[in-house]
Each structure stands twice: as C-alpha cells, then as structure tokens.
Amino acid sequence: MKSWATTIATLGLSILAGQCLGQPLAEPDPKPAEIRAWIQQLGSSRFAEREEAEKRLLKSEAAIVYVKEAIRNENSAEIRKRCTQILEQRKLLMRDDVFRLLDEMCRRGEFARAMATAYEWRYVLRERLRDHQLNAAQLLVAIIEKKSGGSIKSPKLEEKLELVLEERTQVGNVFHYLFAGREIEFNLAVQSAFLVAGDLKNSGRILKECLLFAKGNVVLSDVLGSVVWVDGDLTLGYADKSVVVCTGKVDSVAGLKNSLIIAGGKIQQRSDTKINTIVRSEEKELVELVRPWNASDLGVELTARDGRIHAGRVGRKTPMSRAGVEAGDILLSFDGEKIATPDGAVKLLRRKSAELLPFVVRVKRGDRELELIVPMSVK
C-alpha cells in the first residue's frame, strides 16, 4: 500500500493549484515532503525560521491538509499550537469570502449549508453574524413569498445586538440578543436572533419578532412576527404573522394566524384555527427550498453494499471529482474519521463542507487504498 505522501505525489497536487483565497498562486504548490519539513520548522528555536515556515504554510492551499493532520497527530505540543494558530489565521484571511459565500448559498435556497457554515465560522464572523442572520431571513422570506404568493415581512432587528457565542447558554427572558451555540435555553425572546446547531425541546419558548435558524428538532410555544427555519422536525404551539420553514414535519398544536407554514414533511394541525394562513407541504418547488443538505452537494452519491459505503455517480467538476474519487470506490474515512453508514458519511461531509478547507478522503479501489485531497477553497 502506498504511503500518504507517495499517493498524493502520484496523484499530483495540481488539482489544488491555481487559486488561493480567490487569487492566483505566485508559485506551484509544494511537494508533500516540503510541506512536512515546514511544519517541523515551526518547532525551531529560531524566530526567523518559524516565521518563514508560517508564511509558506499560509500561502499554500495544499498545506492546510497537512496542518490539520499535524494538529491531530504531531507529538510536539509547540508545533500543534503553531499549526492551530496557522489554521485560525487562514480563516481570518478567508472571512470576507466566506461571508459572500453565505449570501450566495441563501440566494440559491441552500439554507442548510449556509446555517452549518455560519455555525462553523461563528467566531471568525462574529462582527458580521448579525448581518448574515438578517440577510438570510430576508432572502428566505423573499423566496417563499415569490413561490407561495403570501406576504410576510422579516423582523428588523436593532443595529446592535449583544452577541453570545457559547456552546451552551441558559437564560430567562432576553431582549436584543444574538445567540450562536449548540444548546440554548430561554423562556421569552424579543427582537433577538438564534443560530442553533442542536435540538430545542423546551416547550415554554416564546419568540416575538425574532429570527431562528436551527439544526435539529425544535419545540416552540408561541411564534409571533418571527422567521423560523428548522433543519429537522418542529412542534409548534401558536403562530401569528410569521414565516415557518421546516425540512421535516410540522406539528401545530394551538393554531395558525396570518402566517406562511412550509415543510418538507407532513404538516399536522390539532386545532382548526387557521386564519389567513398559507400551509404548504406538497408542491415540488417549495419542498426543494427546504431539502436537507446531502452528499450530492459535494458531487458524490452514496450507496451501502456488503457493509461498506460505496461512491455511486460522481458529478463532473465537483470537489469529489477534482479529488479523483471514482464511481465504485469504497469510502473509508474523511480526515481520518471512519465511515460506517451513509448517514454517517453525510454528517461527516456536511462538517467538512462547512469548514471550507481541503480535507482527505481515504478510498479503497480494487486492491489499493488511496488518500485523496478534496479541495474546498472559497472561490
């Protein structure tokens, strides 16, 4: 079996050459051995040598894969620390391009990918996170209004929202906040925004003139004059003058008024109260707006066979095809994380896609195992 370095050298790193942060590279990408030498140079006792290595690693698109590998596997704590700093610097340099890409995703209706990417980059984008939330909500409302014929306005939040970037947050009543985390507990929120990467299951939550983008299953009490987008299932009490979009099913308990409710799954209504409300779940063009992110977005269809995950059709000019993945390849791991099921592969791909950084896919092709670089630079 070929070594990682030999395999990549054989494949050629030219698939990654040509652009770095949207600009032409000044020189061809270096060989794997050179990149690994620069990484070891980060541990030098001489400042000039460390600085030169950092500059070279930052300049190379291909080097990011090896920097990420060193963060995981390098024995030297000092080198791991400096590689982490390089990755953070890289992200700071990409900030404006990522913000532009988030808007493009929302304009195309790719709200699942935009939400995952915004969450991944929330620390880098902290100064502009409010702008993204507002833009995403306005684009979502515009798309839904155009396709459904309804008329609902997106809340206009204050110029400055107090920003909370924590994995887990527990508060009571909040006014004019922007939360970006995995688990958020609150009772009443007014004129606030939420970017949530986990489930929200406290049925006491009330939203008034808020924006909520959530990945997972959500339970809300009253939604008033708000925009709610959920990548999962939603249990909803009462909604008034709101837009509710959900990739899964929606279960409405107390009634709907002057709202637009759109779901990729079934919409259940336990109450007959439905005043001036448009409820849609079957029209193809509306369902496409709320489809979950899947592996085909990176250019590969996944199939399970004989307990292994195989690449089906690989789209042309996609990240997977540019990496050299072929139909019939058995997918073993992404960035060293093993693949066990199609759902697991999609979750890993979603994470790697949201990073917007190159990553390694390990495949088995016949009797050979190959490690291929998937280019994910911002264009």
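How much space lies in the largest cavity? About 80 Å³. This is a predicted model, where local features need pLDDT of at least 70, side-chain atom pairs count only at pLDDT 80 or more, and totals for chains, interfaces and linings use all residues. Residues are numbered from 1 along each chain as its sequence is written, and side-chain values use heavy atoms, with hydrogens and water left out.

**Cavities and pocket**

Some terms come first. On a 1 Å grid over the protein atoms alone, a cavity is a set of points where a 1.4 Å probe fits but cannot get out. A pocket is an open set with protein on both sides within 12 Å along at least five of seven lines. Lining residues have an atom within 4 Å of a point. Points are joined across faces, edges and corners, and a volume is the space filled by probe spheres set on them. Helices (H or I, at least four residues) and strands (E, at least two) are DSSP runs, numbered from the N terminus.

By this rule there are 3 cavities of 30 Å³ or more. The lining of the largest cavity includes Gly109, Trp229, Pro292 and Asp297. Helix α6 gives the largest share of that lining, 3 residues.

The largest pocket holds about 730 Å³ of space. It is lined by 25 residues, and the closest to its centre are Ala116, Ala197, Lys215, Arg350 and Arg351. Helices α5 (77-107), α6 (111-120) and α10 (342-355) each supply at least two lining residues. The largest share, 5 residues, comes from α10.

The table sorts residues by type. Ala, Val, Leu, Ile, Met, Phe, Trp, Tyr, Cys and Pro count as nonpolar, Asp, Glu, Lys and Arg as charged, and the others, Gly among them, as polar.

| Site | Nonpolar | Polar | Charged |
|---|---|---|---|
| Lining of the largest pocket | 12 residues | 3 residues | 10 residues |
| Lining of the largest cavity | 7 residues | 1 residue | 4 residues |
| Contact of α6 with α7 | 8 residues | 1 residue | no residues |

**Two packed helices**

Two packed helices are described by the angle between their axes and the distance between the axes. Axes are lines fitted to C-alpha atoms, for helices over the stretch in contact, and angles run from 0 to 180 degrees between N-to-C directions. Helices α6 and α7 pack at about 175°, with their axes 12 Å apart. They are therefore roughly antiparallel to each other (the cut-off is over 145 degrees). Contact means heavy atoms within 4.5 Å. Phe111, Ala114 and Ala118 in α6 meet residues of α7, including Leu129, His132 and Ile143.

**The sheet**

Two strands pair if DSSP finds at least two bridges between them. Eight strands form an open sheet with parallel pairing, in the order β1-β4-β7-β9-β11-β13-β15-β18. Its edge strands, β1 (162-164) and β18 (278-280), each pair on one side only. Neighbouring strands are turned by 5° against each other on average, direction ignored. Strands β7 (residues 193-196) and β9 (residues 211-215) run parallel, joined by 4 bridges. Phe194 has Leu212 in β9 as its bridge partner. Helix α7 (residues 129-148) packs on the sheet, and its direction makes about 90° with that of β9.

**Two loop residues**

Asn258 has a positive phi of about 50° although it is not a glycine. Asn258 is in the loop between β14 (250-257) and β15. Asp306, also not a glycine, has a positive phi near 55°. Asp306 is in the loop between β19 (300-305) and β20 (308-314).

Methods:
Parallel < 35°, antiparallel > 145°, perpendicular 65-115°, else oblique.
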